Amino acid sequence: MRRLISAVAAATVLFCVNTAYADDVNNIYLNGSPVDFVKTGFSYSEVMLPARSLFEAAGFTVQWFEEDKRVTAFNTDFNITMFAEDDHIYINKIGYLTAEKMSIVNGVFSIPLNAAAQALDAVILYEDNEITLTSSMAVDTSGWAYDAFVLVNEEREKNGLSPLIWNSELVGLAEQHCTDMITRNYFSHYTPEGFTPFDRMRQYGIRYSAAAENLAAGQPTPESVVNAWMESDGHRSNILNAELKEAGIAFVRGGEYGIYWAQEFATTK
């Protein structure tokens with residue numbers, strides 16, 4: 001940990017061409033994932049990366065604080081904080097000076113390319129009109145929903161219960177509800193129209209004899225969300241309900257809390 005943080009202020013840039021201009025950049029990738037960008041000037045260093053696109057590609061949970069124009073990106077090891085019009089990156093409360101300031105571009109908090117590399121201790125490679133950032137701090141989150149499902153079944157096994165069966169329709173319902181909560185800025189089992197989880201299941205075409213739903217927001221990992229559910233009596237009761245036989249889990253990034261989780265349970269007919 002100490003070595004990684006101390007290296008943040010010296011991200012490496014490798015060029016495979018003699019010069020690099022912003023207009024020449026067609027794509028930017030972070031560990032293989034595409035990242036949005038905006039060209040604000042002539043030099044490649046004037047390429048700006050929206051903070052949410054960058055850090056979500058790295059597997060971080062991202063939150064925006066309007067009052068003080070602050071972005072915070074975090075996982076279990078790192079908390080990265082930046083302010084608009086400030087030339088510092090604060091990693092685990094330690095400040096690092098950057099060459100350019102963070103700024104609001106077209107209403108979006110954005111980070112200069114070099115500062116983005118500093119924040120993620122990344123190597124920059126420019127080749128064939130593409131910029132590639134490679135960071136050891138980035139985490140692959142593609143399997144997180146199923147990882148949480150495995151952890152839930154481990155809790156059931158500890159309590160002498162049979163494992164839940166993964167149900168892809170319930171996964172779709174969970175993802176749909178997370179997306180809706182982010183899009184319409186609410187956090188509830190009830191939609192703004194008053195539809196319950198059971199209403200939504202029926203609307204989704206799921207027929208059941210027993211059903212339940214767990215929600216969470218802000219937990220940055222599968223382990224943290226399952227721990228939060230198990231520490232809550234109501235959520236724990238759903239996980240350890242022997243009458244429930246199937247489940248699906250999804251998470252979607254965005255919104256006020258940065259990441260939203262939903263776990264849908266059912267015993268389908």
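Biologist: Which strand does Lys39 lie in?

Modeller: Lys39 is part of strand S4, residues 38-39. Keep in mind that this is a predicted model.

Biologist: Is Lys39 buried, exposed or partly exposed, and why?

Modeller: Buried needs under 20% relative accessible area and exposed needs over 50%. Lys39 comes out at 35%, so it's partly exposed.

Biologist: What does the side chain of Lys39 reach?

Modeller: The backbone oxygen of Val25, at 2.9 Å. As for Asp24, its C-alpha sits 10.0 Å from that of Lys39, with the two positions 15 residues apart in sequence numbering.

Biologist: On to S14. Which side chains of strand S14 are buried, and which are not?

Modeller: The general idea first: in a regular strand, side chains alternate between the two faces of the sheet. In S14, residues 130-135, Ile131, Leu133 and Ser135 point to one face and are buried. Glu130, Thr132 and Thr134 point to the other face and aren't buried.

Biologist: Which way do S2 and S14 run, parallel or antiparallel?

Modeller: Parallel, with 4 bridges joining S2 (residues 27-30) to S14. Ile28 stands opposite Ile131 there.

Biologist: And how many bridges join S13 to S14?

Modeller: 6, and those two strands run antiparallel. Ala122 has Ser135 as its bridge partner. The hairpin of S13 and S14 has 2 residues between the strands, and Asp128 takes a positive phi near 55° in it.

Biologist: Which residues make the nonpolar surface patch?

Modeller: Tyr146, Val150 and Trp166, covering about 260 Å². Tyr146 belongs to helix H4, residues 144-158, and counts as partly exposed because its relative accessibility is 43%.

Notes
Residues numbered from 1 in each chain as written. Predicted model: local features only at pLDDT ≥ 70, side-chain atom pairs only at ≥ 80, totals over all residues. Heavy atoms only, no water. Buried < 20%, exposed > 50% of the residue type's maximum accessible area, 1.4 Å probe, protein only. Pairing = 2+ DSSP bridges. Patch = residues over 30% accessible without salt bridge, like charges linked within 9 Å, V, L, I, M, F, W, Y side chains within 5 Å. Areas by Shrake-Rupley, 256 points an atom, 1.4 Å probe, with all protein chains shown as cover. Salt bridge = Lys/Arg side-chain N within 4 Å of Asp/Glu carboxyl O. Polar contact = N/O pair within 3.5 Å; in protein donor to acceptor, adjacent residues only side chain to side chain.
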